[in-house]
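Hi,

Here is the structure I promised to pass on. Please load it before reading the notes below.

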Amino acid sequence: ATAHHVTVDKGIQLVSPDALLSRERSVVDMAWINSSEKFATLRANASIDIFSMEREIQEQGKYNCMKSVEDIFRLEGKHASVLGMGFTNDRLCASDTMGNIAVINPQKASVVANFFAYNVSSKEKTTISYTKGQYENKHQATAMAVHSGFVATAGREREITLVDLETGKLAWKAKNLPPDPQTLLQQPVWSTALCFMSMSENLFVAGTAYHQVRVYDIRTQRRPLSVTPDNMFEHRITALCELEPSKTFAVGDTTGNLFELDIRKCTSSNLPKKHSISLPRFVGPIGSIRKLVKHDKEPILVSVGLDRMLRTYNLRTRKQLDCIYMKQRLNCALVCEDEQWIMNEKELDADIDIEDDVNDYVDSEDEETAFSEESQDLAETGQEIISDESSIGLSHRDSEDEGSDTGSDTGSDKSSSDSSISDDDPLRTKKKPRHQ
């Protein structure tokens, strides 16, 4: 895990430089605890480390590991792959791919409760089998999100479920779309990204592996309110981030495409189905996007993924501000609440409609001088050609004027020249008779 602040002076600082690099302790997710002075990291071995800022230094990037919690799911080392973590109501909530949920008290560094997101009965299997190759899928949960005392989990052939962290009971469960009217087949279900809206705890957005974005409202119905058409996105959705409250979202997929989606306009009913739909795009990422984070006060978006690059964007112009090579594949990121971002005021107040100033790229001063001399030579040659053409045009005009003044003389000269040509001249053409 790295705690970084994108500034020219401080750069990137390692939180734990003496820690051993191992995949078993790889960081899966991170979350702030009340403020930017404390944060927690969820590792692949189902452990949580709580870092706190040094009180004597009080400098960004100076954190120490204060507490650790091992085996948060209480499965004695037989846990599944860790999925994600969030912070709500002074509690940390973590989940794995089997649907196990753990609630941790960060102050005491202890596990408060353990729940299971899917109430599996005796008749229902805990794994999902498929006919093609008899593949058995054990990863039931592939996305999770935490907000206002609730945790939402979803997965392959598993609808979104909301669990109350206080009681551990199922509060709400989504319902699939109606079957296809032509084939009467059920719509496939596989949610891969979840994001709650900040304005209301009842609204959230889900991204699916079938390149769809669905909007849910738990107050009105169990089925999604709106679904983007199939031709809007081409790849699996992996990350979602709210840009404007209840209006626009940043959507990332497995190929590195990062789009800006307005959920008020993008519904399957008012968009064409045959033609592709173009969306505003953030240019830069080339690998699968794993996490999108927005700054709380500044119009800045942070993107990390498998291309090992940390990128920041200006949300007003959708231009890339920073691009830092981090040497490792990135899973998550956190943004501090401070206002020490180095941004030019012109870039911050710029508009997306303003055209960019495009200049020719020159490697060195020699090539620049050579280019200028060559362009000057071409300009001079062009002027010479124009002057020659103008002189030729004047000479033709003079000859025509002289011919008009001495028309009789030219006619006599022409007749004499014609008579001077003999019949035996091979250059003279003779007319052939029509019929021999």
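Strands here are DSSP runs of E, at least two residues long, numbered from the N terminus. Keep in mind that this is a predicted model.

Start with β15, residues 158–164. The strand is mostly covered: 7 of its 7 residues are buried. Buried means under 20% relative accessible area.

β15 has an antiparallel partner in β14, residues 150–155, with 5 bridges joining the two. Across that pairing, Thr-153 stands opposite Thr-161. The two strands make a hairpin with 2 residues between them. In its turn, Glu-157 has a positive phi of about 55 degrees.

β15 also pairs with β16, residues 170–173. This pairing is antiparallel too, over 3 bridges. Thr-161 turns up again here: its bridge partner in β16 is Lys-173. β15 and β16 form a hairpin as well, with 5 residues between the strands. Gly-168 takes a positive phi near 80 degrees in that hairpin.

Now the sheet further along the chain. In what order do its 4 strands run? The order is β25-β26-β27-β28, in an open sheet with antiparallel pairing. β25 (289–294) and β28 (319–325) are the edge strands, each pairing on one side only. On average, neighbouring strands of this sheet are turned by 20 degrees against each other, direction ignored.

One pairing in detail: β25 runs antiparallel to β26, residues 300–305, and 5 bridges join them. Val-293 has Val-302 as its bridge partner in β26.

Best wishes

Note on methods. Residues are numbered from 1 along each chain as its sequence is written. This is a predicted model: local features need pLDDT of at least 70, side-chain atom pairs count only at pLDDT 80 or more; totals for chains, interfaces and linings use all residues. Side-chain values use heavy atoms; hydrogens and water are left out. Buried means under 20% relative accessible area, exposed over 50%, partly exposed in between (1.4 Å probe, protein chains only). Two strands pair if DSSP finds at least two bridges between them. Axes are lines fitted to C-alpha atoms, for helices over the stretch in contact, and angles run from 0 to 180 degrees between N-to-C directions.
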